[in-house]
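Please look through the sequence and the model shown here before reading on. The explanation moves from the overall fold to individual residues.

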Amino acid sequence: MLKIILFAILIYIAYILFFGKKREKKEDKNRPQEEELMVECAVCKTFVAISEAIKKDGQYFCSQNCMKAEDDNHRT
Ligand SMILES: [Zn+2]
């Protein structure tokens with residue numbers, strides 16, 4: 001009976017290790033991509049995530065304010 005319990009515990013530990021490693025790999029794949037996708041704001045030179053940046057005329061802006069500032073520069 002004790003052997004069966006020990007065997008069950010070993011399977012349980014192996015199961016956790018196997019799925020724990022799988023999760024870590026998935027997170028590692030996602031993290032570098034998010035870090036690489038950084039763009040420089042054309043106005044204030046702040047680096048922002050591409051998902052948060054505003055793209056206009058091939059330039060990236062960190063906020064609506066910077067986009068408007070760039071527009072004003074072109075007008076004057
Ligand atoms: Zn900016």
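What follows describes the chain as a whole and then turns to a few residues in its loops and in one helix.

The model is predicted, and its protein chain contains two helices and four strands, which follow one another from the N terminus in the order α-β-β-β-β-α. Of the 76 residues in the protein chain, 9% are buried. If one takes the contacts between residues at least 6 apart in sequence, 10% of them join residues at least 24 apart.

Two loop residues deserve attention for their backbone angles. In general, most residues other than glycine have a negative phi. K45, which lies in the loop between β1 (38-40) and β2 (47-49), has a positive phi, near 60°. This residue counts as exposed because K45 has 9 C-beta neighbours inside 10 Å, and the cut-off for that class is 12 or fewer. D57, found in the loop between β3 (54-56) and β4 (59-61), likewise has a positive phi, near 55°. D57 is exposed as well, because 9 other C-beta atoms lie within 10 Å.

The last stop is helix α2, which spans residues 64-75 and includes K68. Is K68 buried or exposed? K68 counts as exposed, because it has 12 C-beta neighbours inside 10 Å, and a residue with 12 or fewer is placed in that class. K68 can also be related to a residue elsewhere in the sequence, since V43 is 25 residues away along the chain, while the C-alpha atoms of K68 and V43 are 9.7 Å apart in space.

Definitions and conventions: Residues numbered from 1 in each chain as written. Predicted model: local features only at pLDDT ≥ 70, side-chain atom pairs only at ≥ 80, totals over all residues. Buried ≥ 20, exposed ≤ 12 C-beta atoms within 10 Å, placed from the backbone. Contact = placed C-beta atoms within 7 Å.
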